[in-house]
Amino acid sequence: MVQLHPVRVRTWDPEKLGEWLAKPLVAHPETKVEGETITYPQLLGQFLGMPLDTDDYFAAIYDLLEGADGRLIRLSGNLNKQISGERLRSLQDLFEMNNKEKGLSLAAS
């Protein structure tokens, strides 16, 4: 029997993810063989939004997918991509403000 041991990704670091994917399954501490049962790690991550440099972000995703030898699956095609006109205008205003101000931060009130 094969069991998966989910390992959650908490930060976006393409170099660390690439190293993790390149490591053989037997080298991961989560991999265990006990009698007829094999337990091995499965990397899980959900990334919402993107860093300020979108070109680097998409290049890193592409490099990870290409270098994963089929061990990484992109699920973004399954996302609901519908957005209301009002919300889209709000987001466009926010992006415009972010570009104009060279980044945004929370203000203490």
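What share of the contacts in the chain with a separation of 6 or more comes from residues 24 or more positions apart? In this predicted model, such residues account for 59% of those contacts. One pair of residues gives a feel for what separation in sequence can look like in space: Leu17 and Leu43 stand 26 residues apart in sequence, while their C-alpha atoms lie 8.9 Å from each other.

The overall layout is a good place to start. The secondary structure of the chain consists of three helices and three strands. Read from the N terminus, these elements follow the order β-α-β-β-α-α. The chain has 109 residues, and 15% of them count as buried. Its exposed surface comes to about 9600 Å², of which carbon and sulfur atoms supply 54%.

The two strands that follow one another in this order can be looked at next. Strand E2, residues 32–34, pairs with strand E3, residues 37–44, in the antiparallel sense, and three bridges join the two. One partnership to look for is that of Val33, whose bridge partner in E3 is Ile38. The hairpin formed by E2 and E3 has two residues between the strands, and within this hairpin Gly35 adopts a positive phi near 65°.

Helix H1, which spans residues 14–22, shows two contrasting sides. Its buried residues are Leu17, Trp20 and Leu21. These three lie on the same side of H1, because they cover an arc of only 95° around the axis. On the other side of the helix, Glu15, Lys16, Glu19 and Ala22 are exposed. Leu17, placed in helix H1, makes a handy example of the buried side: with a relative accessible area of 10%, Leu17 falls under the 20% limit and therefore counts as buried.

Where do the buried residues of H1 end up? Leu17, Trp20 and Leu21 belong to the largest nonpolar core, which has seven residues and also includes Val7, Val9, Leu64 and Ala68. H1 provides the largest share of this core, with three residues. A broader tendency offers some background here: in soluble globular proteins, nonpolar side chains tend to be buried together.

Taken together, these results let a reader trace H1 in the structure above from both sides. One side carries the exposed residues Glu15, Lys16, Glu19 and Ala22, whereas the buried Leu17, Trp20 and Leu21 are members of the seven-residue core.

Definitions and conventions
Residues are numbered from 1 along each chain as its sequence is written. This is a predicted model: local features need pLDDT of at least 70, side-chain atom pairs count only at pLDDT 80 or more; totals for chains, interfaces and linings use all residues. Side-chain values use heavy atoms; hydrogens and water are left out. Buried means under 20% relative accessible area, exposed over 50%, partly exposed in between (1.4 Å probe, protein chains only). Helices (H or I, at least four residues) and strands (E, at least two) are DSSP runs, numbered from the N terminus. The arc is that of the directions from the helix axis to the C-beta atoms. A nonpolar core is a set of buried Ala, Val, Leu, Ile, Met, Phe, Trp, Tyr and Cys residues joined through side-chain atoms within 4.5 Å. Contact means heavy atoms within 4.5 Å. Accessible areas come from the Shrake-Rupley method with a 1.4 Å probe; for residues, only the protein chains shown count as cover. Two strands pair if DSSP finds at least two bridges between them.
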